[in-house]
Every structure is written in structure tokens, then in C-alpha cells.
Amino acid sequence: MVSQEPAAPPEGTNRRRRTEDPEKKRESARRWRDANREYLAQKKREWNEANPDRRRELNRLSMRRQAERAQRRKAKNAKARVWYAQNREQARVRSAAFRQEHPEKVRQYQRTYKERHPERYRANAAEARRRYVDKNADTVREKGRLAAARHREANPEALRERYNNNLEAERARSREGARRRRRLEKLGMPPRRIQRVYAGDRRANTAAADEFFARERTVKERGRIAAELPYGVSDIPAGVEQARRAYLNTPDSMPKVSPRTLALNRLKVQMDRQTQAVLQERPKLLDIHRHRHEARLREEIRMDSIARQLRGRPPLEAGNELERRLVAEVNTEIKRRLNAIRTTATERAQRIIGDESRQPAEPHHFGADPTRVAYRDRGARTL
């Protein structure tokens, strides 16, 4: 509701002295706004209540301008990233020159960033510290050794004092170590050996392991892995099991697996993979079938609707009927492919089981008895 008696402007509002200096004008306007915040807020509320439609329109325009600015900013950032990737050395030279010419601005930017993003600033600083330590590992370690030597010279009893101050914790740690050694000795296992690794080397090893296990395997590699690890043999990798047996000097605890079982397991792995590939391809097949046969199906639906109307029945609903027929035809094609996979697998399994024309092959290292002769079907393809 609009107020009938608007608030009177503050004293001195209409008696401001004019000036031609733009900077002084802005400063004067800022001081006036700071001194009359309540008056401005009241006038804004009154205008909003008197002009609701205009207010909503201005809000929409403001949101539109904000979205446009965000889009321009994203496009500019993407363009800058492309340029930086193509001109890294030039960007480094320009950045170094700016830091040298404007150190105060750089420090101000850093302070502002630290105030606005404290968590991100600490994470970036820790990451930069780790990169520096990894790059200058020998220098950092030498500094640490010199500092530790100076500390020992200044206070030779520091270790003894720390031990006495944490006597109960040190005794508990000693008891736990003795208990672990007795248990290993009772089980006939070697004593625990701790290999100390520098933090930088540990991070490098972790990164290399992540890269190794995340990389894509080729078809040949996947087939070799599947052939070496048949179903139900063991949950322990072959390399770990062999190293454990060699270290403990124990007999092979792996079950004996016949060559025929290994071949059938490999065949099952390949069949399961081909089946999953066909099922995962269903959305793509549906889109392709729609693109190629939608016109034909719509014409068939139109003719069927005319025939139904001539028989006195209601016409078909074009959209639902089109989807139903598309799905039915794609399902038929998927069933045909799955039946072909099943038929091929069945024929190969029969050859593995009953074919007499087999030739000797090397015994499988994973579980086959090396004293027995292993056979492999020449017609059966491995993965």
C-alpha cells in the first residue's frame, strides 16, 4: 500500500553544492547514500509497492543481463584457456613481467583471493608445497638434516625428554611390537619388515598405480586376463599366490583345473561379454531404426487405421502405435543377435567337449596339472 505522506528528504538534500569533478561527485554521492540508508530503503519499498508489474519486469531484465554476462564470461574463459594451452611460454613470460612490474597489485590480488576462498587457498598452498618438495627433494632433505643436527647439538636430551613425557604411550607401543613378533614367530612367518619411503616417492608410486589400473586394456590384454582367471578357481591373483608359495615354501594349494574346463570358462566369458555388448547397444539400435524406418511404419499405421475404420473399429493412436512397433522390431533384432551368439557358443562348446581331432598344447600355468597333457581345440578362438 502506497504511503499517503512520504517521508521528507533529509536536511540538506536540496542544498548540495554542485561540482564539476566526477571523482568528487561520486564520493559525495557515496557519503550521502551512507548517511541516508533508511530514507533510501523506505523510498524503495514505496516504489515497489506502487509498481509491482514494473518491478517484476525489471527483475526479469536484470536476470537476463546477468545470464548474458555469465555466458560471455564463460566464453571468454574458454577462449583464454585455449590460448594459454597454445602459448604457455608466452603466458609465463607475460605473467612474470607483470609480477615484477606490479608487486603491490599481485599482493593485493593474493590477499583478496585468500579472504574470499580460505579453504581453496590453503589447499592450493599445500599442493604447491608438495610440488616444490618433490621437485627439490634432495635440497629439502639436506636442509632438514642440517636443522635436525643443529637441534640435537642445542639440546642433546630432547629425545630422552620426549620419551619420559610420553612414557605410557611408548611402553604400549613396545608391548604391541613384542606381541606382534611373538605371534609371527608362533605362526612360522618371517618378522615384519618396514621399508620406509619418502613422501614424494610414495605419491609418485600412488600416481603410477592409479594410472596403471585406470588405463584402457586392449582386446588382446583383456582376453589374456580372462583366460588366466577362470571362474571359481580362486579369488587370489595368480602372481600373489605364486609369490606367497615361493616365500613360504609351501605346496601349491590351487585346485586342479582340466584344460576342457578352462576352455569352457573362456567361452563363457566371451559369450557374456558379447551378450552385454548387444544389450548395451539397444538404445543406439532404437535410434537408428527410428531414423531409417519411421516413414515406413507411419505409412503402415495409416493404412491399418483406414482398414480398422472400414471394419467399424476406432483408428490407431499414431504416436503410441509407432513406439510399440519400433520397440517390437528392435527387440526382434536383439533376440536374433542373442540367438546367434548362443548358437555359436553351443557349437564351440560341443567341439570342445566331443571333438577328437585335438592337438597337444602347453599346460595352463594357473591350475592345470603339469604332469598331464593338455589339449586345445584348433577351431575354438580364444579371447
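Does Arg337 count as buried, partly exposed or exposed, and at what relative accessibility is that class assigned? In this predicted model, Arg337 counts as partly exposed because its relative accessibility is 26%, a value that falls between the cut-offs of 20% for buried and 50% for exposed. The side chain of Arg337 takes part in a salt bridge with that of Glu281, with a distance of 3.4 Å from N to O. This pair joins distant parts of the chain, with Arg337 in helix H15 (residues 318-354) and Glu281 in the loop between helix H13 (259-280) and H14, 56 residues apart. Glu281 is likewise partly exposed, as its relative accessible area is 28%.

The chain as a whole can be described next. The secondary structure of the protein chain consists of 15 helices and 2 strands. The protein chain has 383 residues, of which 15% are classed as buried. Its accessible surface amounts to about 31900 Å², and carbon and sulfur atoms contribute 51% of that area. Among contacts in the protein chain with a separation of 6 or more, 61% involve residues 24 or more positions apart.

Charged pairs form a further part of the description. Side chains of opposite charge can pair when their charged atoms come close. The count of salt bridges in the model comes to 33. One of the pairs consists of Glu300 and Arg325, whose side chains meet at 3.9 Å, N to O. Glu300 lies in helix H14 and Arg325 in helix H15, so this salt bridge ties together parts of the chain that are 25 residues apart in sequence. The two partners fall into separate accessibility classes: Glu300 is partly exposed at 31% relative accessibility, whereas Arg325 is buried, with a relative accessible area of 14%. Both residues also belong to a network of salt bridges, which links Arg296, Glu300, Asp304, Glu321, Arg324, Arg325 and Glu329.

A salt bridge within a single helix is found between Asp138 and Arg141, where the closest N and O atoms are 3.9 Å apart. Both residues lie in helix H7 (residues 137-154), and the 3 residues that separate them correspond to about one turn of the helix. Asp138 counts as exposed because its relative accessibility is 61%, while Arg141, with a relative accessible area of 23%, is partly exposed.

Helix H14 also contains several buried residues. Leu286 lies in this helix and counts as buried because its relative accessibility, 15%, is under the 20% cut-off. Apart from residues up to four places away in sequence, Leu286 touches Leu326, Val327 and Val330. The C-alpha atoms of Leu286 and Glu329 are 9.0 Å apart in space, although the two residues are 43 residues apart in sequence.

His289 is likewise placed in helix H14. With a relative accessibility of 17%, His289 is classed as buried. When neighbours within four places in sequence are left aside, the contacts of His289 are Glu294, Arg296, Leu326, Glu329 and Val330. Of these contacts, Arg296 and Glu329 are also members of the salt-bridge network. Leu326 and Val330 appear again among the residues touched by Leu286.

Ser305 is another residue of helix H14, which spans residues 282-310. Ser305 counts as buried because its relative accessibility is 10%. Beyond its neighbours within four places in sequence, Ser305 is in contact with Pro315 and Leu316.

Two surface patches complete the description. A nonpolar patch is formed by Trp47, Leu58 and Leu61, which together have about 230 Å² of accessible area. Leu58 belongs to helix H3 and is partly exposed, since its relative accessible area is 33%. A patch of positive charge on the surface brings together Arg65, Arg69, Arg72, Arg73 and Lys74. Within this group, Arg73 is located in helix H3, which covers residues 52-86.

Note on methods. Residues are numbered from 1 along each chain as its sequence is written. This is a predicted model: local features need pLDDT of at least 70, side-chain atom pairs count only at pLDDT 80 or more; totals for chains, interfaces and linings use all residues. Side-chain values use heavy atoms; hydrogens and water are left out. Patches are made of residues with over 30% relative accessible area and no salt bridge: like charges are joined within 9 Å, nonpolar side chains (Val, Leu, Ile, Met, Phe, Trp, Tyr) within 5 Å. Accessible areas come from the Shrake-Rupley method with a 1.4 Å probe; for residues, only the protein chains shown count as cover. A salt bridge is a side-chain nitrogen of Lys or Arg within 4 Å of a carboxyl oxygen of Asp or Glu. Lys and Arg count as positive and Asp and Glu as negative; His and the chain ends are not counted. The place of a charge is taken as NZ of Lys, CZ of Arg, CG of Asp or CD of Glu. Helices (H or I, at least four residues) and strands (E, at least two) are DSSP runs, numbered from the N terminus. Buried means under 20% relative accessible area, exposed over 50%, partly exposed in between (1.4 Å probe, protein chains only). Contact means heavy atoms within 4.5 Å.
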